[in-house]
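I opened my notebook to write down what I looked up, one topic at a time.

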Amino acid sequence: MSLYGTMRTGVSGMNAQANRLSTVAENIANSSTAGYKRASTEFSSMILPSSNGSYNSGGVETSVRYSISDQGSTTYTTSASDLAIDGDGFFIVQGANGQEYLTRAGAFVQDDAGNLVNAAGFTLMGYEYEAGVDPTVVVNGFDGLTEVNLASEGLTAAGSTAGSMGANLPSGAANGDVSTTSLIVYDSQGNTRILDFNYTKVADNQWELEIVDRTSALSLGTATLDFDSAGALITSPATLTLDPTALNPISGTGAELNAITIDFSETTQLGTSFTPDGGSIDGNAPSKVSGYQIDTDGVVYIKYANGELEPRYRIALANVQSPDKLVPESGNVYSQGVDSGVIVTGFAGSGSFGEILSGALESSNVDIADELTSMIESQRNYTANSKVFQTGSELLEVLVNLKR
């Protein structure tokens, strides 16, 4: 066996154990880093060709593997902007260079501009809500994403655009009988307006609905409600869009009332008294922003002092076929690797994506006891390899001295 080969193999072993100690040191240093994924050193043998009667020792080489797909434990906090993913997926964040990355580190706080950023300064990305419509995700890219911004805006108001009103109309009523209920709606400045719903029986199984603005006594729309013999509504579509054109701008305020679509599909005609269901309406009166709320589907709501919740964003998630093959970057983020597969985006709670937990963080998946054990093993193996090198060096010295 070549003495030089012995020494070379010993050095190879020491380098390998040094690499292992490096990953152990990194793991221990990041054991308290939210969302950190443990690094491990994998060993593989290096075989060199040998001839008859002479063995040529090879060595060992290492590669680093990250346990990115191994979820850490969940720790609950008191901050609503701390986020964790229960299941598969990664948050999409943007660096200062405008590049998007993936991360499980969800310790987000507002910066001076109101954007949610994590401890490494990466900005959380999501899709904007437009008029309360759930956004359409771009499954194979990051187009359409924007910074999730929770900056407070002072007083805000929203005009009503949609609502519903259901009621039971008494089937025993005489033709010409009128039943009335009302619904409060909001104009463009958040002023309240009372709309009266007047139901007039015009024939068997048929009623006329007229919606009137109480202040101006202006009729905003009418609909004919037809029922079958069982008292079920058969009018289709069971909606009425109010036209406030003649009312706008509203005298004394300069505000306007939006066209409001009223759903009356829950209306029935049965043999009991007139019974309205109370109705519902969107929009809100002027109110201060008091905070925010994030649900398990990743919808970010602005919370007003009056208790109203307004959806503003939906947090986007991403995943790849082989998460452990993602490329780790500084700041506890990952970029797409050659072997990781294509990045697919989506929303929490859909497909293979997990749910988002607000007020929680994913802890590091490092086990300190395992790391200390690995450290001791590496120390001993390093010492043993150094002995091999030392022995080879001593034998080489004996060989050199034979010539003297």
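Sheet. I looked up an open sheet of four strands in this predicted model, and I noted the order β14-β15-β16-β17 with antiparallel pairing. Strands here are DSSP runs of E with at least two residues, numbered from the N terminus, and two of them pair if DSSP finds at least two bridges between them. I wrote that β14 (178-186) and β17 (218-226) stand at the edges with a single partner strand each, so one side of each has no neighbour in the sheet. Neighbouring strands are turned by 20 degrees against each other on average, direction ignored. I then followed β16 (residues 206-213), which pairs with β17 in the antiparallel sense over eight bridges, and found that Val212 has Ser219 in β17 as its bridge partner.

Ground rules. I count residues from 1 along each chain as its sequence is written, and side-chain values use heavy atoms, without hydrogens and water. Local features need pLDDT of at least 70 and side-chain atom pairs count only at pLDDT 80 or more, while totals for chains, interfaces and linings use all residues.

Helices. I looked up how α1 (residues 3-29) packs with α2 (residues 368-401), helices being DSSP runs of H or I with at least four residues, and I found an angle of about 160 degrees with the axes 8 Å apart. That makes α1 roughly antiparallel to α2, a label for angles over 145 degrees, on a scale from 0 to 180 degrees between N-to-C directions.

Definitions and conventions
Angles under 35 degrees count as roughly parallel, over 145 as roughly antiparallel, 65 to 115 as roughly perpendicular and the rest as oblique.
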